[in-house]
Amino acid sequence: MSYTQELAQIIEARKEEFVNISDKIWEFAESRFQEFQSSNLQAEYMRAQGFRISLGVAGEETAFIAEYGQGKPVVALLGEYDALSGLSQQADKAEHCPIEPGKDGHGCGHNLLGTASLAAAVALKEYMEQNKLPGTVRYYGCPAEENAGGKAFLVRDGVFADCDIAITWHPGWMNQVTPSGSLANFRVFYTFHGTSSHAAGAPHLGRSALDGVEIMDVGVNYMREHMIDDARIHYAIINTGGTAPNVVQSEAQVLYAIRAPKVTQVKELFERVNDCARGAALITGTTVDIKQVAAYSDYRANDVISQRIGVHMDELLPVGYTEEELAYAKKFQNVITDLDKNNLKETAKRLAGRDSAQLLENPLFDFRVTKQTGGGKGSTDVGDVSWVVPTGQFSAVTWAAGTPGHAWQIVAQGKGPVAHKGMIFAAKVMAATAYDFLTQPQLVEQAKEAWLADLDGETYPNALPADAKPEIW
């Protein structure tokens with residue numbers, strides 16, 4: 001029996017434990033830097049398995065490291081467990097049914113993400129004990145991937161400094177090794193301060209902070225014609241200054257996400273957006289405070305790690321689905337929007353050409369995608385890790401093909417049988433890949449050489465402001 005099969009058996013034997021952890025985190029549904037129950041559940045479980053636990057890493061109360069073994073190589077398995085705001089949804093319901101309107105939900109599958117990485121670490125520990133293997137395996141419990149870029153703070157504080165290899169994954173609707181190319185991303189608050197007055201009796205005495213926000217937004221929207229095609233800028237007005245139209249708003253706030261393929265490009269856009277804010281303040285007679293709270297770097301895939309991930313994905317596929325599981329996925333595929341259905345069709349054409357209709361008959365893609373499928377316009381703080389440690393990442397099927405990201409449909413499928421199967425599959429792939437690097441020093445060296453060649457003299461951009469700290473906002 002191969003080591004891939006032996007590690008898979010260890011994971012299968014504990015499958016119900018891992019499913020239980022994932023489902024509890026789904027129920028906790030805690031957003032950035034507030035994942036106290038989720039991180040505590042995982043940390044205490046790992047402590048019970050004999051891992052050494054470090055809590056509150058890099059000033060993040062909900063970050064922890066679970067470590068087993070000693071010496072080189074040090075292989076890191078990255079986990080996440082934060083939810084998304086406003087995506088509360090009942091499990092298994094193929095219609096929008098919030099558990100509690102306005103509350104959070106796991107619309108990106110991080111309940112699965114962190115638990116699979118944890119499961120891989122547990123399996124490796126047991127296998128290392130059985131076979132008396134040297135080296136160190138670490139599970140990194142990483143908070144606040146959504147919106148706050150929690151790993152960037154961990155990287156800045158050096159908690160990956162002695163790692164040799166990092167491996168992670170992400171839930172999705174395709175099994176695919178993740179290529180380079182996520183977007184670098186800054187999150188920035190613009191807070192306008194004006195002067196309140198009676199909007200009818202003395203409007204000339206007021207200076208509207210909300211006007212400042214709106215004029216800034218107009219200016220940024222006119223910028224879009226004059227920036228690179230791959231850039232993305234989005235915003236949300238966080239504070240409108242109140243609900244009374246007869247009071248000139250003295251304070252208003254907008255949160256921006258500014259993205260581009262490289263940090264240097266984001267920095268250039270950031271300064272232009274800042275100028276829009278300052279100009280809007282000048283126009284409206286207000287002032288503006290600018291506060292950058294997060295920064296993500298672009299993801300640099302390591303070819304050596306990616307190759308080993310692909311080998312083990314091929315070994316472990318197909319996952320195999322029952323008729324009941326296929327029917328379960330189909331009911332969710334039936335409720336995606338027409339735009340998402342068109343995107344699914346276009347993706348199927350790129351994957352299968354003339355045979356795309358046959359591919360679309362199956363709501364679950366039970367094979368490894370080797371063709372490029374486009375996309376890559378999101379951001380991930382795994383990118384920051386990849387600048388300081390050779391890193392490999394992949395996606396695995398956990399929901400119906402065509403399901404849109406950051407949507408209630410993902411939350412609804414997050415405790416379902418397909419999600420659980422995908423999570424267990426991902427754990428097996430990561431465990432086998434990590435084993436390769438724990439036991440083959442030449443692979444570690446090859447990964448480092450490929451990483452240095454890819455960087456080509458560039459160094460980690462570390463785009464976080466010096467005074468930025470992990471915080472709830």
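How many aromatic pairs does the count come to? Here are a few notes on that and on the sheet; bear in mind that this is a predicted model.

1. The count comes to 16 aromatic pairs. A good one to look up is Tyr127 with Tyr435: the ring centres are 5.5 Å apart and the planes stand at 75°, which is over the 60 degrees needed, so this pair counts as edge-to-face.

2. That pair ties together distant parts of the chain. Tyr127 belongs to helix α4 (residues 110-131) and Tyr435 to helix α14 (residues 417-439), with the two positions 308 residues apart. Both Tyr127 and Tyr435 are buried. Tyr3 joins in as well, since ring pairs link Tyr3, Tyr127 and Tyr435 into a cluster.

3. Now for the sheet. It's an open one with 8 strands, running β1-β2-β4-β3-β5-β12-β6-β11, and its pairing is mixed. At the edges you'll find β1 (52-55) and β11 (368-369), each with pairing on one side only.

4. Helix α8 (residues 303-316) packs on this sheet, where it touches β5 (165-172), β6 (175-177), β11 and β12 (391-397). The directions of α8 and β12 make an angle of about 30°.

5. For a closer look at one strand pair, try β2 (residues 64-70) and β4 (residues 135-142): they run antiparallel and share 7 bridges. Ala66, for instance, has Tyr139 in β4 as its bridge partner.

6. Finally, two charges over rings. Lys125 has its charged end over the ring of Tyr68, 5.0 Å from the ring centre. Arg300 does likewise with Trp387, at 4.7 Å from the centre of that ring.

Technical notes. Residues are numbered from 1 along each chain as its sequence is written. This is a predicted model: local features need pLDDT of at least 70, side-chain atom pairs count only at pLDDT 80 or more; totals for chains, interfaces and linings use all residues. Side-chain values use heavy atoms; hydrogens and water are left out. Two strands pair if DSSP finds at least two bridges between them. Helices (H or I, at least four residues) and strands (E, at least two) are DSSP runs, numbered from the N terminus. Contact means heavy atoms within 4.5 Å. Axes are lines fitted to C-alpha atoms, for helices over the stretch in contact, and angles run from 0 to 180 degrees between N-to-C directions. Rings of Phe, Tyr and Trp (its six-membered ring) pair if their centres lie within 6.5 Å; planes under 30 degrees apart count as stacked, over 60 as edge-to-face and the rest as tilted. Buried means under 20% relative accessible area, exposed over 50%, partly exposed in between (1.4 Å probe, protein chains only). A charge sits over a ring if NZ of Lys or CZ of Arg is within 6 Å of the ring centre and within 35 degrees of the ring normal.
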